[in-house]
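Colleague: I should be grateful for a close look at a single part of this model, with each term explained as it arises.

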Amino acid sequence: QLQLVESGGGLVEPGGSLSLSCAASELPLDYYAIGWIRQAPAKEREGVSCISSRDYSTYYSDSVKGRFTISRDNTKNTVYLQMNSLKPEDTAIYYCAAYSRASCLTVITTTSGSDYWGQGTQVTVSS
């Protein structure tokens, strides 16, 4: 059973930055695509970024493209999400999820097909 733990959330002013981490235990991350999905109150769940397991290809939703960067370090069994130029509309609970079969395109467009989810970390962008 893969366990995922997110960290790094918090309160930041508009224009600021945060770096989220998704640390895995019990199983290696190597064989999973990892997605970052966010859920804001009264909004649909949104896949914001994904990194593939094979060639480390990265994918972003249009809403975060150019501002967020996803990366992974399999030696540390951790995936990161660097978030820059944050906006109030980025406020949400951010979850990481592991996918053994779904493509990153599926993760970004539907978020469905995950094998494991973390507990989430709150990101609040406000002045």
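How much space lies in the largest pocket? Please then describe strand β5, the strands on either side of it and the loops that join them.

Modeller: The model is predicted, so local features need pLDDT of at least 70 and side-chain atom pairs count only at pLDDT 80 or more, while totals for chains, interfaces and linings use all residues. Residues are numbered from 1 along each chain as its sequence is written, and side-chain values use heavy atoms, without hydrogens or water.

The largest pocket holds about 200 Å³ of space. A pocket is an open set of points on a 1 Å grid over the protein atoms alone, where a 1.4 Å probe fits, with protein on both sides within 12 Å along at least five of seven lines; its lining residues have an atom within 4 Å of a point. The volume is the space filled by probe spheres set on the points, which are joined across faces, edges and corners. Thirteen residues line this pocket, and Ala-33, Ser-52, Ser-53, Arg-54 and Ala-102 lie nearest its centre. The lining comprises six nonpolar, four polar and three charged residues (Ala, Val, Leu, Ile, Met, Phe, Trp, Tyr, Cys and Pro are nonpolar, Asp, Glu, Lys and Arg charged, and the others, Gly among them, polar).

Strand β5 covers residues 46-51; strands are DSSP runs of E of at least two residues, numbered from the N terminus. Five of the six residues of β5 are buried, where buried means under 20% relative accessible area, exposed over 50% and partly exposed in between, for a 1.4 Å probe and protein chains only.

Strand β5 pairs with β4 (residues 33-39) in the antiparallel sense over five bridges; two strands pair if DSSP finds at least two bridges between them. One of the bridges sets Arg-38 opposite Glu-46 of β5. Six residues lie between the two strands of this hairpin. Among them is Ala-42, in the loop between β4 and β5, which has a positive phi of about 65° although it is not a glycine. Ala-42 counts as exposed because its relative accessibility is 89%.

Strand β6 (residues 58-60) also runs antiparallel to β5, joined to it by three bridges. Here Cys-50 has Tyr-59 of β6 as its bridge partner. The hairpin of β5 and β6 likewise has six residues between its strands. Tyr-56 lies in that loop, and its phi is near 60°, a positive value in a residue other than glycine. With a relative accessible area of 38%, Tyr-56 is partly exposed.

How values were computed:
Helices (H or I, at least four residues) and strands (E, at least two) are DSSP runs, numbered from the N terminus.
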